[in-house]
Amino acid sequence: FIFQVDPTYTGRVGASEAALFLKKSGLSDIILGKIWDLADPEGKGYLDKQGFYVALRLVACAQNGHDVNLSSLNLTVPPPKFHDTSSPLLITPPSTDTHWAVRVEEKAKFDGIFESLLPVNGLLSGDKVKPVLMNSKLPLDILGRVWDISDIDKDGHLDKDEFAVAMHLVYRALEKEP
């Protein structure tokens with residue numbers, strides 16, 4: 001999503017671009033205002049990748065009837081839905097990008113590994129995940145980047161979906177993908 005709203009890859013989405021995009025969620029301005037405040041807590045007036053992700057997660061939560069607050073970020077909800085498919089912002093990416101998506105059969109395997117590591121309250125600590133990542137024999141800097149990308153809410157723990165992302169990225173890195 002971020003590249004559709006940030007085509008020049010600045011890593012930032014300004015308030016007006018983000019507002020136009022988020023309005024397509026069909027949520028009320030009051031809800032969208034709450035989402036913005038949580039996604040841009042420092043009042044920077046733009047969203048970085050992390051903030052944009054938080055906004056998308058909160059849109060998905062609101063669309064599924066959950067409260068818009070930070071604790072909702074850990075809920076498992078379907079992806080957010082945006083209308084106006086005629087918009088050039090919502091062009092489907094070329095099929096070459098599909099190998100970055102976690103496939104259903106992979107997800108089932110990753111979920112099994114996740115459960116085998118005995119998550120507490122649906123979360124695995126970094127200490128529990130580290131041996132699994134180290135087992136890949138990938139360089140530590142790569143594993144650090146995998147963790148940074150996967151620990152989306154930066155809480156030092158991975159939920160089932162974050163763990164699946166981590167495992168998928170490890171397998172991609174083992175295939176020599178950057």
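**Questions on a predicted model**

There are eight helices and four strands in the protein chain, and the model is a predicted one.

User: In what order do the elements of the protein chain run from the N terminus on?

Analyst: The chain holds eight helices and four strands. Written from the N terminus on, with α for a helix and β for a strand, the order is α-β-α-α-β-α-α-β-α-α-β-α.

User: What share of the residues in the protein chain is buried?

Analyst: A residue counts as buried when its relative accessible area is under 20%. The protein chain has 178 residues, and the buried part of them comes to 36%.

User: What share of the contacts with a separation of 6 or more joins residues 24 or more positions apart?

Analyst: A contact here means heavy atoms within 4.5 Å. Among the contacts in the protein chain with a separation of 6 or more, residues 24 or more positions apart account for 57%.

User: Which element gives the most residues to the largest nonpolar core?

Analyst: This core has 20 residues, and L22, I35 and L47 touch the most other members. Two or more residues come from each of helix 2 (15–23), helix 3 and helix 4. With seven residues, the element that gives the most is helix 4.

User: Which residues does I35 touch, leaving out those up to four places away in sequence?

Analyst: I35 is one of the three residues that touch the most other members of the largest nonpolar core. Once residues up to four places away in sequence are set aside, I35 touches L27, A55, L58, V59 and V68.

User: How many residues are in the second, separate core?

Analyst: Among the members of this second core are F110, F114, L133 and L169. The core is separate, and its number of residues is 18.

User: Is L32 buried or exposed?

Analyst: L32 lies in helix 3. Leaving aside neighbours within four places in sequence, L32 is in contact with L22, K23, S25 and L27. The C-alpha atoms of L32 and V59 are separated by 7.9 Å, although these residues are 27 apart along the chain. Because its relative accessibility is 10%, L32 counts as buried.

User: Which elements give two or more residues to the lining of the second largest pocket?

Analyst: This pocket has a volume of about 240 Å³. It is lined by 16 residues, and those nearest its centre are L38, Q50, V54, L70 and L73. The elements that give two or more residues to the lining are helix 3 (29–39), strand 2 (46–48) and helix 4 (49–63).

User: How many residues of the lining of the second largest pocket are charged?

Analyst: The lining divides into three classes, of which eight residues are nonpolar and three are polar. The number of charged residues is five.

User: How far apart are the end C-alpha atoms of residues 138–173?

Analyst: An unreviewed UniProt entry lists this span as "domain: EF-hand". The span is 69% helix and 6% strand. Its end C-alpha atoms lie apart by 8 Å.

User: Is K154 buried, partly exposed or exposed?

Analyst: K154 is found in the loop between helix 7 (140–150) and strand 4 (157–158). Its phi is near 55 degrees, a positive value in a residue other than glycine. Because its relative accessible area is 49%, K154 is partly exposed.

User: Is K176 buried or exposed?

Analyst: K176 is in the segment after helix 8 (160–174). Although K176 is not a glycine, it has a positive phi of about 70 degrees. Since the relative accessible area is 74%, K176 is exposed.

Methods
Residues are numbered from 1 along each chain as its sequence is written. This is a predicted model: local features need pLDDT of at least 70, side-chain atom pairs count only at pLDDT 80 or more; totals for chains, interfaces and linings use all residues. Side-chain values use heavy atoms; hydrogens and water are left out. On a 1 Å grid over the protein atoms alone, a cavity is a set of points where a 1.4 Å probe fits but cannot get out, and a pocket is an open set with protein on both sides within 12 Å along at least five of seven lines; lining residues have an atom within 4 Å of a point. Grid points are joined across faces, edges and corners, and a volume is the space filled by probe spheres set on the points. Ala, Val, Leu, Ile, Met, Phe, Trp, Tyr, Cys and Pro count as nonpolar, Asp, Glu, Lys and Arg as charged, and the others, Gly among them, as polar. UniProt positions are given in the numbering used here, feature names are shortened, and annotations may be inferred rather than shown by experiment. A nonpolar core is a set of buried Ala, Val, Leu, Ile, Met, Phe, Trp, Tyr and Cys residues joined through side-chain atoms within 4.5 Å. Buried means under 20% relative accessible area, exposed over 50%, partly exposed in between (1.4 Å probe, protein chains only).
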